[in-house]
Amino acid sequence: MQLQMRREEDDMKVALPARIHNYLLLYLARARIRDIQQGADADAQGWVSIQVATRELGITVNHLNTQIFRARKQIAETLPDAIDTSGLVERRSREIRLGCSRFEIYKGSQLESLAVQAEEAQVD
């Protein structure tokens, strides 16, 4: 699976090499999309129990933490001035979620899901 990052300010698009930690980001993105589709409040969207995530992904908590570290590191090294990766994966008591509220998920060349910030989705 390949991960692509895009900055809208300068329309920069960067494809990151396939890495196992990209699947964790996809897993968290899909959890956020699921909550958006169910109409959850923005503050409640995407939170997944660490216990559930490790069970569903078939990894240990230590491996989960390693994947989060590696995802942040890969993006920070690829786009050093573009993004603060500290918020890429957010944490609260025994839960994690994808820290982005705007993203697209593609399966091959087909758009699978789209997430936008609530205020952008509203049309006056």
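The following dialogue examines how several assignments in this predicted model are justified.

Visitor: Why is D35 said to have no salt bridge?
Guide: The nearest side chain of opposite charge, R34, is 4.9 Å away. A salt bridge requires a side-chain nitrogen of Lys or Arg within 4 Å of a carboxyl oxygen, so the criterion is not met. D35 is nevertheless buried, and its place is in helix α1, residues 21-37.

Visitor: Which residues are in contact with D35, leaving aside its neighbours within four places in sequence?
Guide: They are A40, A44, Q45, G46 and W47. Each of them has heavy atoms within 4.5 Å of D35, and therefore counts as a contact.

Visitor: What makes β3 and β5 paired strands?
Guide: Two bridges join β3 (residues 48-49) to β5 (residues 95-98). Pairing needs at least two bridges, so the condition is satisfied. The two strands run antiparallel, and V48 stands opposite I96 in β5.

Visitor: How do you know that β4 and β5 pair, and what lies between them?
Guide: Strand β4, residues 89-92, pairs with β5 in the antiparallel sense over four bridges, and V89 stands opposite L98. The two strands form a hairpin with two residues between them. In the turn, R94 has a positive phi of about 60°.

Visitor: Where is confidence lowest and where is it highest in the chain?
Guide: Confidence is lowest in helix α4, residues 118-121, at a mean pLDDT of 43, and highest in β3, at 98. Over residues 118-124 the pLDDT is below 50, and this stretch has two contacts in the model beyond near neighbours in sequence. Where pLDDT is low, the predicted coordinates should not be read in detail. The chain averages a pLDDT of 81, with 76% of the residues scoring at least 70.

Methods:
Residues numbered from 1 in each chain as written. Predicted model: local features only at pLDDT ≥ 70, side-chain atom pairs only at ≥ 80, totals over all residues. Heavy atoms only, no water. Buried < 20%, exposed > 50% of the residue type's maximum accessible area, 1.4 Å probe, protein only. Lys, Arg positive; Asp, Glu negative; His and termini not counted. pLDDT = per-residue confidence, 0-100.
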